[in-house]
Amino acid sequence: MELWRAVLIAIANGLAEILPISAFGHFEILKELMVDHSDAFKMIIRFSCVGVMLAIVTFYRKDIARLFAKKSRSELFWILLMGLPSLVLFCLLEGKFPPFFYRLSVVAAALLIMSLIMLNFDKLTKLAQKKAKKRAELKASTALLAGLLGSISILPGFSRIAILMMMGHLYNEKRDIVIRHAILANIPVLIAMVIKCLCYGGIDFVTTNFAPVALGIVVGFLTSLGALVMLQNINKKHDPLRVFGWYQLVLALVVLVFELIK
């Protein structure tokens, strides 16, 4: 694979796996833009996840160390529960849906639905808070429910990070805590992506494409680190769900228009 392709794919993955946007949805759009439906495209995405994980561990190193302390192990358990359903469904169903779900028009429709939910989530939260005033902390059952809803993101167009953030808001979690939980819950899925890649020809791919893979990991790390800083800065002044909800709304409309006129 050409190095410029590896860089572009790793940048897209580094952003999509951190920000509350649909990773699989963006990959389908990128495939069309690059006219690349090869296995190499998927391999670079998977290997760049190593860089994404390293960025998350680097950025949240203090929080991760705290999670393994005795007093915080329940929080670690919740995060694992949030990531477990997506991990299982990814391993079992990834790439096995009918071609219909991967059409750009269908992806754009899913992006549109996701964006409208994100943009109107404040109204839903106000209604939910009337029944959730006493739930100041995320519980095991609600963490698992959040994970089950987040697993919808295996379909292109839906965002796991955004769904987990919204579920956290429903239970009165603060925005910075919600973001941290959502991103840390993504680590099991990222690990599964890399392991699945290694089990299905990944080792042979590395031996023949070492430079693109290495570059993808480095670029994935730097891009993800930048995305984490950006998300933190946006969170200080704005609601990330609304910011990226507007972004996905515009993207969905652009893709739909493109599909109509082509």
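Contact here means heavy atoms within 4.5 Å. The structure is a predicted model, in which local features need pLDDT of at least 70 and side-chain atom pairs count only at pLDDT 80 or more, while totals for chains, interfaces and linings use all residues. Residues are numbered from 1 along each chain as its sequence is written, and side-chain values use heavy atoms, with hydrogens and water left out.

**Exercise 1. The nonpolar cores**

Task: State which residues Tyr60 touches, and place Tyr60 in the largest nonpolar core.

Solution.
Step 1. Leaving out residues up to four places away in sequence, Tyr60 touches Ile179, Arg180, Ile183, Leu184 and Leu228.
Step 2. A nonpolar core is a set of buried Ala, Val, Leu, Ile, Met, Phe, Trp, Tyr and Cys residues joined through side-chain atoms within 4.5 Å. Buried means under 20% relative accessible area, exposed over 50%, and partly exposed in between (1.4 Å probe, protein chains only).
Step 3. The largest nonpolar core has 69 residues, and Tyr60 is among those with the most contacts inside it, together with Ile56, Ile183 and Leu184.
Step 4. Helix H3 (residues 39-59) gives the largest share of this core, eleven residues. Helices (H or I, at least four residues) and strands (E, at least two) are DSSP runs, numbered from the N terminus.
Step 5. Another core, of eight residues, lies apart from the largest one and includes Ile29, Val107, Leu251 and Ala252.
Step 6. As background, nonpolar side chains tend to be buried together in soluble globular proteins.

**Exercise 2. Helix H10 and the network at Arg180**

Task: List the buried residues of H10, then trace the salt bridges of Arg180 to Asp63 and Glu75.

Solution.
Step 1. Seven of the ten residues of H10 are buried, so the helix is mostly covered. The seven are Val178, Ile179, Arg180, His181, Ala182, Ile183 and Leu184.
Step 2. Arg180 counts as buried because its relative accessibility is 13%.
Step 3. A salt bridge is a side-chain nitrogen of Lys or Arg within 4 Å of a carboxyl oxygen of Asp or Glu. Asp63 and Arg180 form one, with the closest N and O atoms 3.8 Å apart.
Step 4. Asp63 lies in helix H4 (residues 61-67) and Arg180 in helix H10 (residues 175-184), so this pair ties together parts that are 117 residues apart in sequence.
Step 5. Glu75 also forms a salt bridge with Arg180, at 3.5 Å between the closest N and O atoms. This pair links distant parts of the chain, with Glu75 in helix H5 (residues 73-93) and Arg180 in helix H10, 105 residues apart.
Step 6. Both Glu75 and Arg180 are buried.
Step 7. Through shared partners, salt bridges join Asp63, Arg66, Glu75 and Arg180 into one network.

**Exercise 3. Arg160 and the largest cavity**

Task: Describe the surroundings of Arg160 and the lining of the largest cavity.

Solution.
Step 1. Arg160 lies in helix H9 (residues 160-170), and Arg160 is buried because its relative accessible area is 10%.
Step 2. Beyond its neighbours within four places in sequence, Arg160 is in contact with Glu17, Ser86, Gly150, Ser153, Asn186 and Val189.
Step 3. Of the eight salt bridges in the whole structure, one joins the side chains of Glu17 and Arg160 (3.6 Å, N to O). Glu17 sits in the loop between helix H1 (3-16) and H2, Arg160 in helix H9, 143 residues apart.
Step 4. Glu17 and Arg160 are both buried.
Step 5. A cavity is a set of points, on a 1 Å grid over the protein atoms alone, where a 1.4 Å probe fits but cannot get out; lining residues have an atom within 4 Å of a point. Grid points are joined across faces, edges and corners, and a volume is the space filled by probe spheres set on the points.
Step 6. The whole structure has three cavities of 30 Å³ or more, and the largest cavity holds about 120 Å³. Its lining has 13 residues, of which Glu17, Ala23, Phe24, Ser153 and Arg160 are the closest to its centre.
Step 7. Helix H2 (23-34), H9 and helix H11 (187-208) each supply at least two residues of this lining.

**Exercise 4. Val35**

Task: Is Val35 buried or exposed?

Solution.
Step 1. Val35 is found in the loop between H2 and H3.
Step 2. Val35 counts as exposed because its relative accessibility is 70%.
Step 3. Phi of Val35 is near 50°, a positive value in a residue other than glycine.

Key: On a 1 Å grid over the protein atoms alone, a cavity is a set of points where a 1.4 Å probe fits but cannot get out, and a pocket is an open set with protein on both sides within 12 Å along at least five of seven lines; lining residues have an atom within 4 Å of a point.
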